[in-house]
Amino acid sequence: MNKVKDHLLQGILWISAILTIVILVTIIGFIFLKGYKLMNISFIFGDYSPTGGGGIWPMIITTIYTIMISLVIATPIGVFAAVYLQEYAKQGRLVRMIRFATESLTGIPSIIYGLFGAVFFVATLNFGMSIISASLTLTIIILPVVIRTTEEALKTVPQSYREGSLALGTTKLQTLLKVILPSAVPGILSGIILSMGRIIGESAAIFLTAGTVAALPEGIFSSARTLTVHSYLVTQEAGDIELASAIGIVLIVIIFVLNLTATYISNKLNKAD
Amino acid sequence: MSGFMEKSNRRKYFLEKLSGKLFLICAFISVISLALIISFVFFKGFRPFVAEGYNFIQFLLGYDWVPGEGHFGVFPMIVTSLYATIGALIIGVPIGLFTAVFLAEIAPKPIVKILSPAVQLLAGIPSVLFGVFGLAVIVPFLQNYLGLAKGQSLIAVIIVLAIMMLPTIVTVSETAIRSVPQSYREGSLALGVSEMRTIFKVVIPAAKSGIMAAIVLGMGRAIGETMAVILVAGNSLMIPTSLTDSVRPLTTNIALEMGYAAGIHQEMLFATGIVLFSFILILNFILAKISAKGGQ
């Protein structure tokens, strides 16, 4: 009797795992099958055309803009914040408050970030619906990711490195810049890659802060649409599943390459230990 | 010579002090951001109730959302958000938890090597694409096989959300299950208990707090999801009475109307955001309690 039950339970575990794989394969298979027909050079590098048949180059450029700007701002802030928390701060109320805030930021839904970006960056600071408003909103979204991964990386730097360097008479700052941060670089890099994935996949917050203009942005104060927002709009407005899926292929390929890179870096990191 | 040394030392100490301050300011930016987000969203969302004489209770429990006539009630959306989240948990938690158990306890190595990156990839797929998939596959499926007039429905939302929360549940519970000490398993097996009974009676209960955290995180992801949900929800303004009704949860109400809303109407969308925010705060509070308990 117990034997039967054991087999049943084991069966449930296998079925769940198989179901998870089937779901993933179905979604990715669907996106590729629906979208691959549109895939060609002029689709990637072509200008958008509202009558259909155009390319997605403006959205690729917009997506790259948002990634670059948010990373340029969030990386130094996030890395320095992690340095403070790991290397400088004494445990106490201040640190608890910073950690609480960082964790809370992680849990806030993207649409709330969108509301905040719309009232703060777009309206109050008067940046308008623009790439810069979206990028600043994204900066806050990825900040906790950069802080957390950098902290993890700093934790793996052996204490003896710090002691060795300080024993040579260097200051704390010199030790940090010449010894600790260089050995934490792979960890920080994988954090940056994770953040890129997060930015590329983001839609609701960008939708409310960058708007939907489907042209090549003239500058960072132009309204524009990213790949995800484009994919949403062509589905919602035109029901164009093929186009949405073709954009989906581009997105999934980018995410896949980013994942591989992050795994490669963290494997290298583990080997170095 | 000694003067030079002194000068260079002074510069060093100055830089030392300055950098410490700079790092502190950077760390404090999370706190400032959180404070700004809360104050701006709450200020804008509460203004109609404080300055314009709208009743907050009527807003929460009101049935009608007719911005043109000044009627703002979000009760149907609250109910929908809760139904959708709970429904997604009912489907997503067992599949996710059992997949995690499978990965951590019984999966052969080669399968782990395929399944783990697969789950990671599933976590990375942009949420819009789940909506596209839902609209193109799940919605027509429901239409054809359940004979619905319109496939965009509560059940479509539930299925899409269940799929989306799957990676969160799998990865967080897998970590929790892997962190159960090996001695627990050995002790149970040594008593002659079978492998399956050990997993279900010893390992899973021992990983309970981590699994609870996984569920709460999955809930957070489900209740906050927007763009994927818009595409499959149908967006009708009513309290769903069946799984096949067209629905509009809190998040999609904001995203659908922010584009053209102005004045009070726009502020009411921020108020909708406050309701959503409150749910997230409650979830965060529960999560903090769970992890405090787990740490003991």
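Start with chain B and select residues 21–43, 82–106, 118–142, 154–177 and 268–287, which an unreviewed UniProt entry marks as "transmembrane region". Keep in mind as you click around that this is a predicted model.

Now keep just residues 21–43 of chain B: the span is 100% helix and 0% strand. Put a distance between its end C-alpha atoms and you should get 31 Å. Jump to residues 268–287 of chain B for another stretch that is 100% helix and 0% strand, this one with its end C-alpha atoms 29 Å apart.

Next stop, the place where the two chains meet. Chain A and chain B each put 67 residues into the contact. On the chain A side, colour helix H1 (residues 2–35), since that helix supplies the largest share, 17 residues. Colour that side of chain A by class and you'll find 46 nonpolar, 19 polar and 2 charged residues.

Stay on chain A and select helix H4 (residues 93–107) together with helix H6 (residues 131–156). Their axes come within 9 Å and cross at roughly 125°. With that angle, H4(A) counts as oblique to H6(A). Turn the view to look along the crossing: H4(A) passes H6(A) in a left-handed way.

Finally, show side chains where these two helices touch. From H4(A), pick Thr102(A), Leu105(A) and Thr106(A); across from them in H6(A), pick Ile140(A), Leu143(A), Pro144(A) and Ile147(A). That contact of H4(A) with H6(A) holds 5 nonpolar and 2 polar residues, and no charged ones.

Conventions. Residues are numbered from 1 along each chain as its sequence is written. Chains are lettered from A and ligands numbered from 1 in the order in which they are written. This is a predicted model: local features need pLDDT of at least 70, side-chain atom pairs count only at pLDDT 80 or more; totals for chains, interfaces and linings use all residues. Axes are lines fitted to C-alpha atoms, for helices over the stretch in contact, and angles run from 0 to 180 degrees between N-to-C directions. Helices (H or I, at least four residues) and strands (E, at least two) are DSSP runs, numbered from the N terminus. Angles under 35 degrees count as roughly parallel, over 145 as roughly antiparallel, 65 to 115 as roughly perpendicular and the rest as oblique. A crossing is left-handed if the near helix is turned anticlockwise from the far one by less than a right angle, and right-handed if clockwise. Two residues are in contact if their C-beta atoms, placed from the backbone, lie within 7 Å. Ala, Val, Leu, Ile, Met, Phe, Trp, Tyr, Cys and Pro count as nonpolar, Asp, Glu, Lys and Arg as charged, and the others, Gly among them, as polar. UniProt positions are given in the numbering used here, feature names are shortened, and annotations may be inferred rather than shown by experiment.
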